[in-house]
Amino acid sequence: MEKTLDLFTVGETGVVKRVGGEGKIKRRLFDMGITPGAEVMLRKKAPLGDPIEITLRGYELSLRKTEAVCVTMEVKE
Amino acid sequence: MKKFALAGNPNCGKTTLFNSLTGSTAHVGNWPGVTVDKREGVYKKTPEHVAIVDLPGIYSLSPYTPEEVIARNFILDEKPDCVINIVDATNLERNLYLTTQVMEIDVPVVVALNMMDAVEKNGDAIDAKELEKRLGVPVVKISALKGVGLDELMQRAYDFSSQERKGATVLKDSALAHLIGDVKIALDGQDVANPLFHAVKLVEQDSIEVEMHKDTVKMVEEFKATFSDDVFGDDFEALVADARYKYISKNFAPVLKRREEDKFVSTKSDKADKVLTHKIWGIPIFLVILFAIFHLTFSEDFLYLGAIFHLPSLEDLGLLDADGEFLNFGVKLLACVYDGAVFSPGVIINKLWNEILVGELFGWLGGLVEGSGMEAWAVGLINNGIFEGLAAVLSFLPQILVLFLFFSILEDSGYMARIAFILDRMFRKFGLSGRSFMPMIMGFGCSIPAMINTRTLADEKERTATVRVIPFFSCGAKLPILTAVAGAIVVWTGAGNADLITFSMYLLGIVSAILAVLLMRNTTLRGDTPPFIMELPAYHAPQFKNLMIHLWDKAKHFVKKAFTIILASTIIIWLFSHFSFAWKFLEDEEIDQSILAQISMFLQPLFTPLGFGSQLGANGWVFVVAAIAGLIAKENVIATFSTLAACLIAGGAISGAGLEVEAEDGIDAVRAMIDATGIGVPGLIAFIAFNMTTIPCFAAVATAKAELGTKKAFNNTLLFWVAASYVIASAVYTIGAFPWTIALWVVAVAAVVVCIVLRNKNLAKKGA
Amino acid sequence: MGVAEVLLIIGCAALVIGVIAASIVRKAKGKTSCDCGGNCAHCAGCSHIKK
């Protein structure tokens, strides 16, 4: 199943399929390791549900939902 | 002398390594982006000394943030003899991403695998030999924190630096390999240095490169027209980044042998995190921690034990003699810890320092001067001018250090970055990212490093707004104003709570900052909210050595300042308060004819709406003098009070009955001011508010000027500070003194808000 | 006015002039005052030169 990263629930895991978004944000996401094939787990959500914290490539990264929308994921069952 | 550059991701231990190598004490923290400018030191254990340059932490050599550009330009233009690329071994893949870019430059590169101790503690292992073979450059395991492997690292870097090295890329297998090769040949033909690096960046259509090689970029565009990838289309930047990570996952990541197969295993750090960034409790916990810090530092009633158990005061216990003096030295010591309530640790340290050390010392020195037979004016200058000023400033040193210690612990442990995470949602409402929280919180220490740290913010408008409100986060030097005035209010009215007043003044600063940002982001600094994509570092216990270094630096700096600029200022103030315009020496009684008093009286009406202007009568000018002296350094405010209070009492302008303005106590100085002027509590609070939000010290103004770039932005910033402090202080005063004026303020604020909203709607319509 | 007073005046004047001179020299070098505790060579604040 495919959905964007912002729709993930806490503890859900998936693999990055596509990264979209405007140049600067997209580049930043890439630089931080969010590239197709990367495995990502949604670790937690901040108070009020935004931003979110994910684990990927063995470290923790926080990003906003507006940025997570740019990341399309293949959900792992 | 050879020159080595340290490059690596933010928070990978670069600065710790730099400190270990050069024996320096640069500021280290546990959140990304502590180092924002390059700095230099010298390593002395190699046969020939080596200059070490610490570059800002970066994730990539892209042109999007100022630090990335600084690091990139340094490596390309200054041509270091070797780049030591520090790689956080606990976070191998992402750190090697930068390595693959650095390796494209024609410079010797040595990879330092840092935090190997942490990796081994997890039960994991890294095969450094294998990694070295696959990367093609030397790889050395180190632990910067424990000082392991540093000499080997430097020896290998030193040996390697004398060799020529041509750039190598991991993009050989990608779809763009041919294009990169062609562009490289073209650049080679133009005698461009580092052709491979520039070729790759040009293929990525990096804005800096496109600007530099306008002709060659056509090659890329032509190729692009014929090219299409299934996933990326013709987005070369994405393709390159993806190819790098693919290569890393396939070829480099396997050198890491994990003990646990589960990638998402839960650690101690996670457990702490669960509580500290809890969905509901995260923000309350943060507020409690903040309050606890202030309570531990400032409270004269620790844990409110005194209030709860109605503990007896020393007087009740019969430990004071008829004059209210302590019976013996033991009681004096006891009074530093307990008097009707147990004091908090910060207060205890402060009292010990002041009563036992500084007070005795200056008391003794003052006696010597009086007994020396010098002329009266000389005794006055030394005792009332120099000693009073010095002691008033030094008396706050312990509390500043205690507060600073707590902030260092928050920063070192990694909690600061989490605060940014939990507060981001709120900050966004004001048009900032959670990241701008970091420089703001640094502002509690000192505005200057905080302003410099705003370089981690990519958005120029966000930066300007942040620089402007940083002084509202009351710095260490403004603390004495807070404690002295709050203390005086408590002693004078016999009610209230010094730590509560201090805490709420800090809050006032924060609220003012938020409102000011909101205002600016909706009017002069409109723009989109900047992105918030930030690494959250692992928690770790604060390093004792690191904390002590922070404290020592702070103390040294503070004392140095007290004996130079502040001492000089107090002398000048004393001079101007004892000479008239006719250059005639004035006795203490005639202080109101002095140059200082005359100028301040002239300016006094300006401060009437703020509660410390004309309504204060003949001696009211002292507040104006203090506020002006504060423009040089904020420590001057209380130093000025002490100097002037001593003169006023000596001159008989105020009785000083029951008051002994002693060298060690800024609180008594403020009380003398209250007696002399009859200023009320609202005026005093407004005075604090004014000093907190007005133009900061001279040094901070200079920094703001440098950081803001354009002259126009700087001038507007000065104007903003004057206007903001005037409005905030007059609001505080009028509402405090005449509560009904709150209605006027509400109406005024509402009118401004409506105007802005309407205007922005209009603009939006025009834009659409 | 005795020797002590003269020394006092000289001392004060030297301090004031020294502080002003030092700040002018720092400014000429493009340095700003900062939190590094005088450890300027390694301090981002001190070594910050506007480009």
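Which residue in β5(A) is the bridge partner of Thr55(A)? Hold on to that one, and we'll come back to it shortly.

Hello everyone. What you have in front of you is a predicted model, so please keep that in mind as we walk through it.

Let's begin with the chains. Two pairs of chains are in contact, and chains A and B are the pair that shares the most contacts. Chains A and C, on the other hand, do not touch, and their nearest C-alpha atoms are 25 Å apart.

Now to the opening puzzle. The bridge partner of Thr55(A) in β5(A) is Glu60(A). That pair belongs to a link between strand β4 of chain A, residues 52-56, and β5(A): the two run antiparallel and are joined by five bridges. Just ahead of this, have a look at the loop between β3 (39-45) and β4 of chain A, where you'll find Pro51(A). The peptide bond joining Asp50(A) to Pro51(A) is cis, with omega at about -5°.

What does β5(A) pair with over in chain B? Strand β5 of chain A, residues 59-63, pairs with β9(B) in the antiparallel sense, over three bridges. One of the matches to look for is Ser62(A) with Met534(B), its bridge partner in β9(B). Put together, we get an open sheet of seven strands, ordered β1(A)-β6(A)-β2(A)-β3(A)-β4(A)-β5(A)-β9(B), and its pairing is antiparallel. At the edges are β1 (2-4) of chain A and β9 of chain B, each of which pairs on one side only. From one strand to the next, the twist averages 40°.

Let's stay with the contact between these two chains. It takes 35 residues from chain A and 32 residues from chain B. On the chain B side, at least two residues each come from α3 (92-102), α11 (236-252), α13 (282-298), α19 (415-429) and β9 (534-536). The largest share of that side is six residues, and they come from α11(B). As for character, the residues of chain B that touch chain A divide into 17 nonpolar, 10 charged and five polar.

Next, chain B by itself. Chain B is divided into domain 1 (2-161), domain 2 (171-257) and domain 3 (738-768). The C-alpha centres of domain 2 and domain 3 of chain B lie 51 Å apart.

Which residues have the most contacts inside the largest nonpolar core? They are Val203(B) and Val485(B), in a core of 245 residues. Domain 1 (2-161) and domain 2 (171-257) of chain B each give this core at least three residues. If you'd like to find Val203(B) on the screen, and we leave aside its neighbours within four places in sequence, its contacts are Leu176(B), Leu179(B), Ile180(B), Val183(B), Val220(B), Phe236(B) and Val240(B).

Moving to another sheet: in chain B, six strands form an open sheet with mixed pairing, in the order β2-β3-β1-β4-β5-β7. Its edges are β2 and β7 (139-141) of chain B, each with a single partner strand, so one side of each has no neighbour in the sheet. Here the twist averages 25° from one strand to the next. Inside this sheet, β4(B) and β5(B) run parallel and are joined by six bridges, and Asp88(B) stands opposite Asn114(B) in β5(B).

Helices lie across these strands too. Helix α5 of chain B, residues 128-135, lies across β5 and β7 of chain B, at about 160° to β7(B). Then α6(B) lies across β1, β2, β3, β4, β5 and β7 of chain B, at about 170° to β5(B).

And is helix α1 of chain B buried or exposed? Eight of its nine residues, in the stretch 14-22, are buried, so α1(B) is largely enclosed by the rest of the structure. The cover over those buried residues includes β1 (2-8), β2 (39-43), β3 (50-54), β4 (82-88), β5 (109-114) and α6 (150-161) of chain B. Right after the helix, Gly23(B) takes a positive phi of about 65°.

Two more backbone spots before I stop. Lys79(B), in the loop between α2 (66-77) and β4 of chain B, has a positive phi near 45°. Lys79(B) is partly exposed, with 14 other C-beta atoms within 10 Å. His310(B), in the loop between α14 (305-309) and α15 (329-335) of chain B, has a positive phi near 50°. His310(B) is exposed, with 9 other C-beta atoms within 10 Å.

Thanks for listening!

Terms used
Residues numbered from 1 in each chain as written. Chains lettered and ligands numbered in written order. Predicted model: local features only at pLDDT ≥ 70, side-chain atom pairs only at ≥ 80, totals over all residues. Contact = placed C-beta atoms within 7 Å. Domains from an automatic or database assignment. Core = buried A, V, L, I, M, F, W, Y, C linked by C-beta atoms within 7 Å. Buried ≥ 20, exposed ≤ 12 C-beta atoms within 10 Å, placed from the backbone. Helix = DSSP H or I, 4+ residues; strand = E, 2+ residues; numbered from the N terminus. Pairing = 2+ DSSP bridges. Axes fitted to C-alpha atoms, helices over the stretch in contact; angles between N-to-C directions. Nonpolar A, V, L, I, M, F, W, Y, C, P; charged D, E, K, R; others polar.
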